[in-house]
Amino acid sequence: MPKSILVLTGAGISAESGIPTFRGSDGLWEGHRIEDVATPEAFSRNPVLVHQFYNQRRRKLLDPSIQPNAAHVALAKLEAAHQGDFLLVTQNIDDLHQRAGSRKVLAMHGQLLKARCRDTGKLFDWREDLSLETPHPLATTRLGRLRPHVVWFGEIPIGLELIQEAAQSADIFLAIGTSAVVYPAAGIVEATPASCLKIEINLAATPTSSVFDRSIRGSASIEVPKIVEEILSMP
Ligand code: BV8
């Protein structure tokens, strides 16, 4: 019976592509505190600052120097070659998994290259800056009604039911480049069955490292291709 594989990635998998991690610095994120730029309250209080924060990150993501790395490519290869169920859950809002060829991607914290109508929830592919002057694509006389399609702290992540189902039936769970600080993402490993082979790939230990059967310390671009070859050679 082909195995069911669930993968969870965090900012660490995109670090070698040039995208700063969330906690890489001194707890500041591109110079900002979470509560000032990544909460609904922040957006209500200072929408210009929050739009600027995401506009800066969207422009950086669209810079040609930002490309998927060997870890993203290896996960796309695993999905394509694997016979059983496969789901890649990412906490990242970049599109590097999709650009590497992954198809079964669940972006649980949203996507930087999509905008969301604040009134209807409708999504739009979006590669430009967003601001309070941005006309609504379907009602151009209405300005400033779009927000980044990003799950802020205090908001409910996307696809939690699907993630729970995938975790409960997983035979292999890979957690790659996540500090396991943000919930409910960090709790996914706990929802996998005792029989599930749990593997963590991270530069550093995390608060959930002890839950894993194997904790591989190293860079994602080196270690992920190796674990993918190992999994694909399993009987
Ligand atoms: C919710 C989108 C209710 C925005 C993000 C107290 C205790 C526990 C929980 C809470 C608490 N107080 C509040 C909470 C809940 C809160 C939370 O967890 N807060 C934390 C800070 C304590 N969570 C929420 O608010 C969530 N919503 O709880 O709603 C609810 C829930 C369910 C049902 C009903 C109600 C919403 C959380 C989503 C927030 N949005 N992102 C944006 O991106 O702008 S989270 C943000 O952090 C990013 O998505 C990021 O990906 C994510 C997690 O960080 P990581 O991905 O792990 O990145 P990080 O930098 O931390 O770590 C990188 C790791 O990689 C490091 O370990 C590093 O060593 C490693 N690494 C680096 N380079 C490499 C590498 N590894 C390998 N190779 C390398 N080269």
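## The three-stranded sheet

Glutamine 111 stands opposite histidine 149, a residue of strand S8. In this predicted model, a second facing pair on S8 is formed by glycine 110 and valine 150. Strand S4, which covers residues 110-117, runs antiparallel to S8, and five bridges join the two. S8 itself spans residues 146-150 and is mostly covered, with five of its five residues buried.

These strands belong to an open sheet of three strands, arranged in the order S5-S4-S8 with antiparallel pairing. Its edges are strand S5 (123-125) and S8, each of which pairs on one side only. From one strand to the next, the twist averages 45°. Helix H4 (residues 47-61) packs on this sheet, where it touches S4 and S8. The direction of H4 makes about 135° with that of S4.

## The six-stranded sheet

A further open sheet contains six strands in the order S3-S2-S1-S9-S10-S11, and its pairing is parallel. Strand S3 (105-107) and strand S11 (214-217) are the edge strands, each pairing on one side only. Direction ignored, neighbouring strands of this sheet are turned by 15° against each other on average.

At the S3 end of the order, S2 and S3 run parallel and are joined by three bridges. Within this pairing, leucine 88 has valine 105 in S3 as its bridge partner. Helix H5 packs on the sheet through contacts with S1, S2 and S9, and its direction makes about 155° with that of S2.

## Helix H5

Helix H5 comprises residues 70-81. Its 12 residues should span 16 Å at 1.5 Å a residue, and the C-alpha atoms at its ends are 16 Å apart, so the expected and modelled spans agree. The N-terminal end of H5 is capped by asparagine 69, with a side-chain oxygen 2.8 Å from the backbone nitrogen of alanine 71.

The buried residues of this helix are Ala71, His72, Ala74, Leu75, Ala76, Leu78 and Glu79. Their cover includes strands S1, S2 and S9, together with helices H1 (12-15), H6 (96-100) and H8.

## The largest nonpolar core

The largest nonpolar core has 20 residues, of which Val7, Leu75, Leu174, Ile176, Val224 and Ile227 touch the most other members. At least two residues of this core come from each of strand S1 (5-9), helix H5 (70-81), strand S2 (86-90), strand S9 (172-176), strand S10 (197-202) and helix H8 (220-232). H8 gives the most, with five residues.

Isoleucine 176 illustrates how these elements meet. Leaving aside residues up to four places away in sequence, isoleucine 176 touches Val7, Leu8, Thr9, Gly10, Ile13, Leu75, Ile201, Ala220 and Val224.

## Serine 17

Serine 17 lies in the loop between H1 and helix H2 (34-37). The residue counts as buried because its relative accessible area is 7%, below the 20% limit. Its side chain reaches the backbone oxygen of glutamine 67 at 2.7 Å.

Beyond residues up to four places away in sequence, serine 17 touches Ser65, Ile66, Gln67, Pro68, Asn69, His72 and Leu96. Two of these neighbours also appear in the description of H5: Asn69 caps its N-terminal end, and His72 is among its buried residues.

## Glutamate 35

Glutamate 35 is placed in helix H2. With a relative accessible area of 38%, glutamate 35 is partly exposed, since this value falls between the limits of 20% and 50%. Its side chain makes a polar contact with the side chain of arginine 33 at 2.8 Å.

Not counting residues up to four places away in sequence, glutamate 35 touches Ala42 and Arg45. Arginine 57 is 22 residues apart from glutamate 35 in sequence, and the C-alpha atoms of the two are 17 Å apart in space.

Notes. Residues numbered from 1 in each chain as written. Predicted model: local features only at pLDDT ≥ 70, side-chain atom pairs only at ≥ 80, totals over all residues. Heavy atoms only, no water. Buried < 20%, exposed > 50% of the residue type's maximum accessible area, 1.4 Å probe, protein only. Helix = DSSP H or I, 4+ residues; strand = E, 2+ residues; numbered from the N terminus. Pairing = 2+ DSSP bridges. Core = buried A, V, L, I, M, F, W, Y, C linked by side-chain atoms within 4.5 Å. Contact = heavy atoms within 4.5 Å. Axes fitted to C-alpha atoms, helices over the stretch in contact; angles between N-to-C directions. Expected span 1.5 Å × (residues − 1). Polar contact = N/O pair within 3.5 Å; in protein donor to acceptor, adjacent residues only side chain to side chain.
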